[in-house]
Amino acid sequence: MKTKLISFCLSALLCSTAPLISYATPITTTTKATTIQDIVAPSLSTAALQKLNWQPISTSGTQTIILNATSQHLNEGNIQGPIAAFAIPANRGSLDIMLSSLVQDKQVYAPNVLVLDQGLRPAAFYPSDYFPYERPGVMSTDRLEGTLKLTPALGQQQIYVLVYTTRTDLQKSTQMIDPAKAYAQGVGNAVPAIPDPVARHTETGTLKLKVKSEQNAGNITIGQVLSGPAPEPVVVGSTQATATQHTPLKTKPVLSDTERYFSDAIKKEINNGNIDKALNLLDEAERLGSSTARETFINSIKNKR
């Protein structure tokens with residue numbers, strides 16, 4: 001099986017003379033609601049973003065954030081009420097960010113998330129639909145929850161995560177499940193015919209944020225490796241995906257130390273059988289302007305065979 005995979009990768013590379021190209025989803029989409037409604041990433045001024053107090057977050061442990069009347073507020077466009085603003089290290093590889101909004105007294109904060117790169121440029125947008133209701137577990141309560149998978153571009157020291165709710169969200173509610181029903185379903189008993197509780201969306205609430213740094217493929221790249229026009233933010237959630245091909249940027253030759261770093265890393269991953277990771281390294285190296293990474297990849301694949 002490994003031989004077939006290696007042969008496929010090698011033939012694909014030999015047939016291609018251009019670097020690997022990424023695809024993105026447009027920032028405007030439609031919900032699955034009965035009434036079709038556009039979801040658009042919020043347009044916030046740089047001045048408004050610079051005024052916010054961005055709370056540093058480590059990549060270990062879980063943070064609890066209480067949103068109330070004393071929290072930072074932002075009232076621009078459809079955004080209303082208390083918000084949470086985080087600064088997260090961007091030089092430790094890919095990031096998995098789990099955001100939970102806890103249901104308390106049949107009330108819950110419906111989060112939306114805007115991710116910005118080091119230059120406070122919008123890079124990814126997660127509407128409230130991305131954070132669905134999760135029923136309680138042994139160690140968890142009713143909550144809205146979603147995980148953001150991000151890969152900061154090389155050279156960035158931190159990225160920014162803005163959590164807010166909207167006037168539209170405040171007009172909605174979340175259908176929960178009655179504990180008796182959940183128990184009956186869990187043990188295989190007959191489910192009682194009782195109504196499920198509803199959680200009203202509010203401006204206040206309790207968030208839990210867990211950040212884990214790891215090397216994962218297929219994540220959204222945050223920020224720009226090279227200078228150029230800022231890309232449109234990527235919408236994640238209830239989307240109708242349309243592949244948009246981006247023209248690769250012309251890059252300057254990289255330093256010899258950088259070439260050596262990518263060459264060694266590609267060889268190591270191929271020797272360990274991690275073809276996907278080696279392809280990701282090749283993609284990153286060529287975006288930086290490497291002229292030897294592809295040859296290193298092909299030769300390593302040949303030697304592996």
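Begin by selecting Lys181 and Asp196 in this predicted model, where the two side chains form a salt bridge whose closest N and O atoms are 3.4 Å apart. The contact joins distant parts of the chain, since Lys181 belongs to helix 4 (residues 179-187) while Asp196 sits in the loop between helix 4 and strand 15 (198-201), 15 residues apart. Colouring by accessibility separates the partners: Lys181 is buried, with a relative accessible area of 15%, whereas Asp196 is partly exposed at 25%. The cut-off for buried is under 20% relative accessible area, so Lys181 at 15% falls within that class, and Asp196 at 25% does not.

This pair is one of four salt bridges that the structure holds. For another of them, select Lys149 and Asp96, whose closest N and O atoms are 2.9 Å apart. Here too the bridge links distant parts of the chain, with Lys149 in strand 12 (residues 143-152) and Asp96 in strand 7, 53 residues apart. Lys149 is partly exposed, having a relative accessible area of 38%, while Asp96 counts as buried at 10%.

Next, select Arg143 and Glu145, whose side chains meet in a salt bridge with an N to O distance of 2.9 Å. Which class of accessibility does Arg143 belong to? Arg143 is buried, with a relative accessible area of 13%, and Glu145 also counts as buried, at 16% relative accessibility.

From the side chains, turn to the backbone and select Asp105, which lies in the loop between strand 7 (94-102) and strand 8 (107-108). Displaying its backbone torsions shows a phi near 55°, a positive value in a residue other than glycine. Asp105 is exposed, its relative accessible area being 72%.

The last stop is Leu120, to be found in the loop between strand 9 (112-116) and strand 10 (122-126). What is the sign of phi at Leu120? The angle is positive, about 60°, although Leu120 is not a glycine. With both loop residues selected, the contrast in accessibility can be followed directly on the surface: Leu120 is buried, with a relative accessible area of 14%, whereas Asp105 is exposed at 72%.

Terms used
Residues are numbered from 1 along each chain as its sequence is written. This is a predicted model: local features need pLDDT of at least 70, side-chain atom pairs count only at pLDDT 80 or more; totals for chains, interfaces and linings use all residues. Side-chain values use heavy atoms; hydrogens and water are left out. Helices (H or I, at least four residues) and strands (E, at least two) are DSSP runs, numbered from the N terminus. Buried means under 20% relative accessible area, exposed over 50%, partly exposed in between (1.4 Å probe, protein chains only).
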